Amino acid sequence: MTTPDLAAPDLVAPDLAAPDLAAPDPESNEHETFDEIEYLRIHQDVAQAIARGEVASGYAHYVAFGVIEGRALPSPTHEPRNRLLVSHPTPASVPPHETRFAIDSLIVAPAGGLMIVGWINDAHDPIQCIRIAGAGWRVTIDRARFVRVRRHDVEQALDRNGQHPFGFFGFLHFDRMVDGAGPCLVEIWLAGGSSVLLPVTPQVVGDIELRDIALTHLGTASFAGNAAVERVACLDAGFGDELVRFNRAITRRIVATPYVERFGPTGKAPGARSPRGTIVVCLYGRAEYLFLQNCLFAGLPGIEDYEFIYVSNSPEIGETLLREARSSSLVYGLPQTVMILPGNAGFSGANNAAAAIARSGRILAVNPDVFPRDPGWARKHLDVLDNAPAERTRLFGVPLYYDDGSLMHGGMFIDVDIGLSMASGIPRARRLLRVEHYGKGAPADATRFTRSRPVPAISGAFISIDRAWFERLGGFSEDYLFGHYEDADLSLKSIAAGTVPWLHDIRMWHLEGKGSTRLPPHEGGSAVNRWLFSRRWSAMVEAGLKGPSPTYPAPEAFSPGPTTRARIRSTPAR
Amino acid sequence: MKVLLVGVHHPELVRGGAQQICYELFKGLQARPEIEPVLLAAVDPTFRALYKSGARITGFDGREGEFLYLGRDYDYTWHKVSNPQLLEAYSEFLEIVRPDVVHFHHFMLLGLDLLTLTRRVLPRAKILFTFHEFMSICAADGQMVRTFDRSLCTRASPVRCHQCFPDRGPEEFFVREMWFKRHLSVVDAFTTPSRFMIERYSAWGLDAAKIHHVTNGQPDYSRGAPPAEKRAKRNRFGFFGQLVDNKGVWLLLQAVRQLRAEGFSDFTVEINGDNLRFASDVRRAEIESFLADEAALPFADRRVVFNGSYDVDQLARRMARIDWCIVPSVWWEIFGLVISEAWMFGRPVIAANVGGPAERITAGQDGLLFEVADAGALARTIRRAATEKGLWDRLAKGIQPPANQEVMVDAFLALYGMDFKGSPLIGVQE
């Protein structure tokens, strides 16, 4: 963000009565998106000029002269909001004004999105909308789509230390290419009817960069009140949906063009068995987990019934992964496939893409920093599949352990946080779902947390799911950004579809958070994910799925019931 | 029996105990008609001239049975090969040589994964591994010296190792241990040159029954050298070895300063060795400053002489100039080849009371021990050695000849002949 420039152009209210807000149908055609009637009503000399045949229309006058003359537009603009419109280029003009503001940056991803960041002293005359016009396009972003944030630098420069959020940023996703080159015109409208037109040269970036910039702004923004709550609350009015849609388009594009190479035994050799399980590992940033997992999974009893798919969200480590896979197949002999994606498709996109090329009917989504604690885990996992009732194996997780030997958790449940949002100026309770873990930090053999039983949700660090069920649920939701909540989301989708997840006592180490690198955009992504997860599942959670002892869909749903038929072998831990 | 010895460095190229012993074993095995030894010594790209284009393994200087493993892209964090072509070349080498025994003397520059790969390529071969330090246990160059205060470490753990490397979380060391142990699990038998190492490795989690003590053995370099001349005073001390921090030459110089400060100067110290460039900045500066000051003194006042590097064939002349050999190591000195060399020439040893020296030297019988890393204790010991009448003669008389190459070769051959059934076959599909 730039330091506020107090010499920035100011706004002044036009010497006009408030215009009639009755608007023509803005979508009838593009020409009508310019409020011709209102423009001519305000500027009767223009109407007279048209009558004399000196100009063709109000719009033509506005383009040729009005902008330069600083003529006001109908206020507020009646154009459709939050949608890209085709228009003609408009020359820039900066009329004299009073209200202080600045546009820090206008960032355009020609593939389909833009972001605008700035600040404005609109404490007494709130911003109404901002229209941005580029070469052959324009868009008007409604005030509700702007995230308002505190700007300490502005407060200091204006000598204001109140709670007014001077800062703003807005983000919009659109599904067509735009020309991001050249200066754009940014027109800010205030509720009182004043407006200003400002030429801004946009920064042109790729769509992934734009997403990350938007998320970084969101993740690092300063709010009055509880930042964690406000960061989520500010997503309600559209910013969140825009980001989700934009990210989904990115994900689809990324997973459409993977590079795939298989290593080790292919399964086509005479006598070779088809795998019974496909271990899908999503890598991000760190390649060493490929050979570490190869080493620590290899040679364990039953591992010959599995194949591995390493799917990388980090194209920069792609060559390293291919090299390591080649080396590992020589040293350890495990059948494995490496899928290199051309960008970060997130946990869901990557896992879904990898699952699609699995050669077995069982998907095990395993984090790169998960390692067997139980040397007999592979065979035990197959024993569960062979002997437990189908509804207990359709989707299940396992107890995970910290490196210090204590239990990381034995399943997850959902709880509700109630925060206070001050964004509207009035304290409002904000209910946010939180994923909690059974038995975090408990002694290793705390059987109440490690025994086989139904649980509301299981961790994405280790998920075993029937492939047909996975596909019926639509896989992991790709609405979530990067990685967070997809596992709980999948679990709740399964419950909604009639199958409660289970936990079976097959113990694994999990060096949580050590398998990937956390970057600034991930903080913003976490906020979006929590907002989305809460919006999507609050009703079901509040209906009885809340807390460690849920009763939804029925009180007996989370009872382990009669002893499982699974004959699970007992293998001593390390 | 065909025996493949795999080690780091070739002693012709880089001096060091591990490669020296590996090579002594190789030469010893060559002398046994029933054994066909092959040596594979890893080098690093420092020796660019030896890297033939496109080659990963080559012969060495026309020597029979000696090969170089041309290491590259080595991952020093995980101690692994990052180059699949090297692994493929090694596999092919194993298939051609088809040894009955593969005896590793190190994994550095080679990669731990060569152990597992050896087991995959040669499921029936016996695999031995000789530990020359604690590199499997300790990420601080296997020295087990704590990085923040240079104190001796007795036990590795994820949190303790993290304390030595604050930028690396405990989890990394947790995985490191699993990684090392998984590769070491393919080894049929381990050997250590000192007994205290067995304790250390079994405490770390290796099966003590699989760890055998095999002393280092060298040829007797003193053959033909005259015995120590008779002298009224036994006040000439010598240091032999690398000038790196852990070998403690800086401690010896501090002791010299202290003796001078106390007014005692009836002694000389001769320093033989090199690799000062590998010392820490602080210690290097300390040593260089001392030597510069010493050189500036009038000749009659000089007590410390720096003789530089030496080869084993120069040992007789260097040993002839001293009465006592000082081993002031401030780490867990594993064996102390220099002790053997001093004993070959009948020189009693004054050493820090830890590790291999403490195990090998019987204080008051064949040498003297002082408190490790204590310059004052070393100064007192030097003064006693230089002034106590009859002490040198008594201790020199108590010296037993060190184990020679034959003893070591016999011990390893006995291990090569053992039946190691029941070892796990990691990476081999059942």
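This passage describes a helix pair in chain A, the contact between chains A and B, and one helix of chain B in a predicted model.

Two packed helices are described by the angle between their axes and the distance between the axes. In chain A, helix α7 spans residues 239-255 and helix α16 spans residues 520-545. Their axes come within 10 Å and cross at roughly 105°. Since angles of 65 to 115 degrees count as roughly perpendicular, this crossing makes α7(A) roughly perpendicular to α16(A). On the α7(A) side, the residues that meet α16(A) are G240(A), L243(A) and V244(A). Their counterparts in α16(A) are V528(A), W531(A) and L532(A). By class, 5 residues of this contact are nonpolar and 1 is polar, with no charged residues.

Between the chains, the contact takes 19 residues from chain A and 24 residues from chain B. Two helices of chain A, α8 (288-297) and α9 (318-331), each supply at least two residues of the side that touches chain B. By class, that side of chain A has 10 nonpolar, 3 polar and 6 charged residues.

In chain B, helix α13 covers residues 391-398, and its buried residues are W392(B), L395(B) and A396(B). These residues lie on the same side of α13(B), because they cover an arc of only 100° around the axis. The element against which the buried residues of α13(B) pack is β16 (367-370) of chain B.

Notes:
Residues numbered from 1 in each chain as written. Chains lettered and ligands numbered in written order. Predicted model: local features only at pLDDT ≥ 70, side-chain atom pairs only at ≥ 80, totals over all residues. Axes fitted to C-alpha atoms, helices over the stretch in contact; angles between N-to-C directions. Helix = DSSP H or I, 4+ residues; strand = E, 2+ residues; numbered from the N terminus. Parallel < 35°, antiparallel > 145°, perpendicular 65-115°, else oblique. Contact = placed C-beta atoms within 7 Å. Nonpolar A, V, L, I, M, F, W, Y, C, P; charged D, E, K, R; others polar. Buried ≥ 20, exposed ≤ 12 C-beta atoms within 10 Å, placed from the backbone. Arc of directions from axis to C-beta.
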